[in-house]
Amino acid sequence: MKIFLRLYHFIWLHKWPFILGSIPMIIAMILNNISPFFVKWLTENAQAQNFEQASFLILIFAVLLVTANFLENLGYFITDKNMVRTSNTIAHAVLTHIHDLDFAYHTNKSSGKLISLMKRGDDAFFAYYDIINRQLLNLSISFGMMIFAFTTLKATYLFSVAILVLLTALVATFLIKINIKKRQAFNEADDEVSSARVDNLVNFDTVKYFANEEFEQNRFAALLKTWNQRLQAYFFTFRYFDGLVGNLINLALVGIMYLALVDLSQGQISLPDFLLVSTFAMTLFPKMMHLLFSMRELAKKHTDLKTYLELLDEPIKVNDPEQAKALSKIDGEIEFKEVDFAYENKQAILRDFSLHIRAGEVVALVGFSGAGKSTVAKLLMRMYDPQQGEVLIDGINLKELRRVELRKFIGVVPQDPLLFNNSVYFNIAYAKHQAKRQEVLAAAKAAQVDDFVRDLSAGYDTIVGERGIKLSGGQRQRLAIARVLLEKPKIIIMDEATSSLDSASEKIIQQAFWQMVRDPKDPKTSIIIAHRLSTIMQADRIVVLDQGKIAELGTHSQLIKNKGGIYQKLWSLQRNGFIGDGESDSQK
Ligand SMILES: Nc1ncnc2c1ncn2[C@@H]1O[C@H](COP(=O)(O)OP(=O)(O)O)[C@@H](O)[C@H]1O
Ligand SMILES: [Mg+2]
């Protein structure tokens, strides 16, 4: 029921084409169902040898049919518009909702599954629309006219029709329930197959590196086997549906005709009325059969449409506040206050973590891999909410700001930047759509993107491939840095942003970075996460993160004096500037 309400909520958003299209359609359906009456009237005239009037009736019949055809086409033409627009509205709503969903959802989702689910859902919507708003409507009108015709005759006809409808509905409901179950089971298998396909497409290189083509093919074959079994089981439900329900209707058709014949032989009804009943039975029952097949289709699509629309119910864990604080400018002060955080209630990553960063300050985060450095950055971007404590910008809890607004103040160069399968230019300008070409190119130059773009076949118009696969890790990093240089946000997070660069390019990029950050007119608050300690010596303060807590805090010169401290250990470990990729103590 909920799904119907939902569907009609969307359909009603474009109500005028729906209403204006339905009117001619309903008139056409009434006209199309009028033929049994003509059979009766023609017979009456023929019996009375009144052939002139009979020809006139045929003429009227012809005019009505042509009119019906025209109105039907007109109705379809107009409601098609409503149908297509509604489908777009739903697709749009689903994408918007998916954008609204938090990081946790996106790290758990399977793109392959989602794509097949959305595709099936969209197909199901068209089928639903057609079956309910057209076929079901048509049948209701046919039924209405038959009931109207039968009221003038013996009650037995009406009574038999009522029993038939009831019986068929009962049997059909029972069968459709089984059918839906089988369909759900099949959909699950279908999602698995689709998910495996996408996984293989995305990880094509890993498959090749390990020469695991055959392994993957076998894995896929096993999934296909289940897929096949479930599809067969699903198909089978149609066989007994068609057998049972189909014959129920066939029997009813013959039964009513027989009843009418008996009545005719006993003189209880006239020949024209006998023909009226028979024609109705003969035209209506096949239609009913057709409708039942459509109901079967509807049942199949029900699951698809339901899962599709249920995407809209996926809870948003990181929400915008009802009344957000509007911020046009910030100073860039950051505070983590007694923050506890764990991913999906697993092991704690941050425990009672407190850190105050002044506006314009540059703070470096250091620690072993897995210590929680990137997690700190994600909390500041409000990709997740901490379980305890709060994160503040300029003294305002992040939860009081709209997410898009908050994120506009922050620029991130992620650990492993992924790009859109579009041009180099598009990917840089993504940070600031209104930027002039000159600005984009200047940022590209400062981030050393210019350097490698010159060697690309189409320069800035070169397409970078899915997720940026045609570029090297270092090139992708440079591109991501160019974005932030272009965006010039008030708060900057560099998450191992230069880890894949050679020392020469790193030096030049560092220069551009510090220039932007230390701009005396507009200093930026920054968090630099780095493996290479040489890159963070200039930071105002260095935070050493260990087991979810701050182990050490101070400037470079203070920390290296701290004998036995982690920072000092790391510093002596990496004579040439690298932390060995050890594990944090918490993971041992
Ligand atoms: N989306 C996630 N879901 C569950 N656990 C995660 C997720 N992201 C990171 N983790 C875990 O949290 C810990 C800290 O990760 P992270 O902050 O990325 O570490 P760092 O950046 O210091 O190397 C790691 O043990 C990692 O496995
Ligand atoms: Mg990290």
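Biologist: Does the length of helix 6 agree or disagree with what its 41 residues should span?
Modeller: The span agrees, because at 1.5 Å a residue the 41 residues of helix 6 (residues 111-151) should cover 60 Å, and the end C-alpha atoms lie 57 Å apart. The expected span is 1.5 Å times one less than the number of residues. Helices (H or I, at least four residues) and strands (E, at least two) are DSSP runs numbered from the N terminus.

Biologist: Where is the kink in helix 6 centred?
Modeller: On Ile131, where helix 6 has a kink of about 30°. The bend is the angle between axes fitted to the seven residues ending at a residue and the seven starting there.

Biologist: What sort of model is this?
Modeller: A predicted one: local features need pLDDT of at least 70 and side-chain atom pairs 80 or more, while totals for chains, interfaces and linings use all residues. Residues are numbered from 1 along each chain as its sequence is written, with chains lettered from A and ligands numbered from 1 in the order written.

Biologist: Ligand next. Which residues are around ligand 1?
Modeller: Thr107, Tyr343, Ile349, Gly367, Ser369, Gly370, Ala371, Gly372, Lys373, Ser374 and Thr375. A residue counts as near if its C-beta atom, placed from the backbone, is within 6 Å.

Biologist: Which helix gives the most to that shell around ligand 1?
Modeller: Helix 11 (residues 373-380), which contributes three residues.

Biologist: On to sheets. What is the order of the open sheet of four strands?
Modeller: The order is 2-1-4-5, and the pairing is antiparallel. Its edges are strand 2 (348-357) and strand 5 (396-397), each of which pairs on one side only. Two strands pair if DSSP finds at least two bridges between them.

Biologist: How many bridges join strand 1 to strand 4?
Modeller: Strand 1 (residues 334-342) and strand 4 (residues 388-393) run antiparallel and are joined by five bridges. Across from Phe336 stands Val391 of strand 4, and Lys337 has Glu390 of strand 4 as its bridge partner.

Biologist: And how many bridges join strand 4 to strand 5?
Modeller: Two, and these strands run antiparallel as well. Ile393 has Ile396 in strand 5 as its bridge partner.

Biologist: What do strand 4 and strand 5 form?
Modeller: A hairpin, with two residues between the strands. In its turn, Asp394 has a positive phi of about 50°.

Biologist: Now the other sheet. What is the order of the six strands?
Modeller: These six strands make an open sheet in the order 6-7-8-3-9-10, and the pairing is mixed. Strand 6 (410-413) and strand 10 are the edge strands, each pairing on one side only.

Biologist: Do strand 7 and strand 8 pair parallel or antiparallel?
Modeller: Parallel: strand 7 (residues 491-495) pairs with strand 8 (residues 525-529) over five bridges. Ile493 stands opposite Ile527 in strand 8.

Biologist: In which sense do strand 9 and strand 10 pair?
Modeller: Strand 9 (residues 541-546) and strand 10 (residues 549-554) pair in the antiparallel sense, over five bridges. The bridge partner of Val543 is Leu553 in strand 10.

Biologist: Which residue takes a positive phi in the hairpin of strand 9 and strand 10?
Modeller: Gln547, with a positive phi near 50°. That hairpin has two residues between its strands.
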